[in-house]
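Welcome! Take a moment to look over the sequence and the model, and then let us walk through the fold together.

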Amino acid sequence: MPESSFEDFVRQHRQDFEEAGPHPRVWAQLEQQLAPGKKRKVIQLMGRHWLKAAAVLVLMVNSVMIYQFIQMKKAQHLMNVSPEMQEAKMYYTAQIEQRLQTIKSYPDAVLGLDSMARKELELRNETYQVLEAELIQNPGNERIKAAMVRYYQLKLDLLDKILEELREKQPVSKKQSDYEREI
């Protein structure tokens, strides 16, 4: 078949090749069926995300409140719990710090203390922290208050004995005696 006859055939039977699509009512029904499904799905997805966002928000608010509560507990010092102990704490702390500074002025070779012993000499060691925590939990307990005062006294006695031994081992230098005179 030559090409011109094929083209002529297509032109003559063009109506037969074109097919009428579905009726417009079919398209309208399809649109009605598809449209409500999309809206419901979008609403369902939004509902799920809102629920997740609300859960995250509740967790964040609870976390912040717990953190603030813990910080408030830590900020509660001995002064807030037991004002009468504050004066004793200030006095003994000053005395202990003075003696510790005097001990630290001696050379390490004369001291002969290892790191564990030095840590125990410090004012705020584990024993002190336990007593202070107990006092915060039980502010009216007189036994704990007496134990705190006893701790301070024992610490001062220990530091005084160490200083006596150090003075016996090494004569007091001019720098140390000037420092002690100022105090």
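**A tour of the helices**

The protein chain holds ten helices and zero strands; here helices (H or I, at least four residues) and strands (E, at least two) are DSSP runs, numbered from the N terminus. Read from the N terminus, its elements run α-α-α-α-α-α-α-α-α-α. This is a predicted model, in which local features need pLDDT of at least 70 and side-chain atom pairs count only at pLDDT 80 or more, while totals for chains, interfaces and linings use all residues. Residues are numbered from 1 along each chain as its sequence is written, and side-chain values use heavy atoms, with hydrogens and water left out.

Let us begin with helix α9, residues 142-169. Its 28 residues should span 40 Å at 1.5 Å a residue (taking 1.5 Å times one less than the number of residues), and this agrees with its end C-alpha atoms, which are 41 Å apart. At the N-terminal end, N141 acts as a cap: one of its side-chain oxygens lies 3.0 Å from the backbone nitrogen of R143.

Which residues of α9 are buried? Among them are I144, M148, Y152, K155, L159 and L166, where buried means under 20% relative accessible area with a 1.4 Å probe, protein chains only. An α-helix has 3.6 residues a turn, so residues three or four places apart point the same way. Across the protein chain, 19% of the 183 residues count as buried.

Now to the interior. The largest nonpolar core (buried Ala, Val, Leu, Ile, Met, Phe, Trp, Tyr and Cys residues joined through side-chain atoms within 4.5 Å) has 19 residues, and I96, I103, M148 and Y152 have the most contacts inside it. Helices α5 (83-104), α8 (126-137) and α9 each supply at least two residues of this core, with α9 giving the most, nine residues.

How do α8 and α9 pack? Their axes, lines fitted to C-alpha atoms over the stretch in contact, are 9 Å apart and meet at an angle of about 155 degrees. That makes α8 roughly antiparallel to α9, a term for angles over 145 degrees.

Finally, visit M85 in helix α5. M85 is buried, with a relative accessible area of 5%. M85 and A146 are 61 residues apart in sequence, and their C-alpha atoms are 9.8 Å apart in space.

Notes:
Buried < 20%, exposed > 50% of the residue type's maximum accessible area, 1.4 Å probe, protein only. Polar contact = N/O pair within 3.5 Å; in protein donor to acceptor, adjacent residues only side chain to side chain. Axes fitted to C-alpha atoms, helices over the stretch in contact; angles between N-to-C directions. Parallel < 35°, antiparallel > 145°, perpendicular 65-115°, else oblique.
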